[in-house]
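What follows is a walk through one protein model, from its sheet to its charged side chains. Have the sequence and the structure at hand while reading.

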Amino acid sequence: MELDGLVAVVTGGASGLGAAIVDGLASRGANVVYGDLRDRADTGGRDRADAGGRDRGESGRSPGPTCFHPLDVRDPHSWQDLATKVRTTYGRLDLLVNNAGVSTRADLLSTTDDDWDRILRTNLWAPWAGIRTFIEDLTTSPRASVVNIGSIYGHLPPPPPPAPPSSVAYQVSKAGLHMLTKTAAVELAPRGIRVNAVLPGVFVTPLLQDLPAEQLRPRIERAPMARPGDPADVAAAVCYLASPQASFVTGVLLPVDGGYTAS
């Protein structure tokens, strides 16, 4: 499952699942450009490019380099700036990971117009914009793939109270992203581009870590494995979908959820 020399872009890579995905790809030898509104160093993380190659990947070799580039996924000009950075630095792109996402804890009737627009543009419009921005780069890559980070809540509603209220905008955006994944997989297959999605279950990332225990527990206990996931689990799934071992895998929505959707 080595990804030596692969050039990857990861959106929302400064923290949470995105940071784990960046680390997972780099540890397998990929060259990673991660886009976010802020640098990973600002979140208490460390850019591997500053490590001088001293860290070792899973194979015992030095991990691939990573670098940060400012990205507002809601802004088409920001996407173009990122594309220029990637083309200038590497001259190609093999993997696009659409991970950036936002949410709000508001049900159907309390969701505001602004929240609806912000969440749909970040979680659904942006992956579509990313694919369109890099389509020619991906078309010329012999190992091209796109991995979207969806959610089990694009399939299922969250548990009822005392869990926090659902986010209808988030759920709708992720359901749309799942269909975008399948549609893109069909339409881009003739170009040699595979498109898949990973559907995380309950992970205690910045989106959920502020919840009190009585609200977080029902979500965790709904999965048969009865524990939150490790962000490295999502990273491993992304690495598999980007690897040669998944060369005949496209249009897949892969839950990484401890059995949540099965139950």
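Two strands count as paired if DSSP finds at least two bridges between them. In this predicted model, β1 and strand β4 (residues 95-98) meet that condition, pairing in the parallel sense over three bridges. Within β4, Leu-96 is the bridge partner of Val-9.

On its other pairing, β1 is joined by five bridges to strand β2 (residues 31-36), and these two strands run parallel. Here Thr-11 stands opposite Gly-35 of β2. Between the two strands the chain passes through helix α1 (residues 16-27), and this β-α-β crossover is right-handed.

Strand β1 itself covers residues 7-11 and is mostly covered, with five of its five residues buried. In a regular strand the side chains alternate between the two faces of the sheet. In β1, Val-7, Val-9 and Thr-11 point one way, while Ala-8 and Val-10 point the other way. The residues of both groups are buried.

From β2 the pairing goes on to β3: five bridges join these two strands, which run parallel. Gly-35 has His-69 as its bridge partner in β3. Gly-35 is also the residue that Thr-11 of β1 stands opposite.

How many strands does the open sheet have, and in what order? There are seven, arranged β3-β2-β1-β4-β5-β6-β7, with parallel pairing. The edge strands are β3 (66-70) and β7 (253-256), each of which pairs on one side only. From one strand to the next, the twist averages 20°. Strands of a sheet pair through backbone hydrogen bonds, either parallel or antiparallel.

Helices lie across this sheet. Helix α2 (residues 76-89) lies across β1, β2, β3 and β4, and runs at about 150° to β3. Helix α6 (residues 231-242) lies across β4, β5 (145-149), β6 (194-200) and β7, and its direction is at about 165° to β6. Strand β4 is thus found in the list for α2 and in the list for α6.

The charged side chains come next. Side chains of opposite charge can pair when their charged atoms come close. The structure holds five salt bridges, and three of them are described here, beginning with Asp-94 and Arg-92, whose side chains meet at 3.1 Å, N to O. Is Asp-94 buried or exposed? Asp-94 counts as buried because its relative accessibility is 4%, under the 20% limit. Arg-92, with a relative accessible area of 35%, is partly exposed.

Another salt bridge joins the side chains of Arg-118 and Asp-115, at 3.2 Å, N to O. Both belong to helix α3 (residues 113-139), and because they are three residues apart in that helix, about one helical turn separates them. Arg-118 counts as partly exposed at 28% relative accessibility, whereas Asp-115 is buried, with a relative accessible area of 19%.

A further salt bridge is formed by the side chains of Glu-136 and Arg-191, at 3.8 Å, N to O. This pair links distant parts of the chain, 55 residues apart: Glu-136 is in helix α3, and Arg-191 is in the loop between α4 (168-188) and β6. Glu-136 counts as partly exposed at 49% relative accessibility, and so does Arg-191 at 36%.

Definitions and conventions. Residues numbered from 1 in each chain as written. Predicted model: local features only at pLDDT ≥ 70, side-chain atom pairs only at ≥ 80, totals over all residues. Heavy atoms only, no water. Buried < 20%, exposed > 50% of the residue type's maximum accessible area, 1.4 Å probe, protein only. Helix = DSSP H or I, 4+ residues; strand = E, 2+ residues; numbered from the N terminus. Right-handed = clockwise from strand over helix to strand, strands pointing away. Axes fitted to C-alpha atoms, helices over the stretch in contact; angles between N-to-C directions. Contact = heavy atoms within 4.5 Å. Salt bridge = Lys/Arg side-chain N within 4 Å of Asp/Glu carboxyl O.
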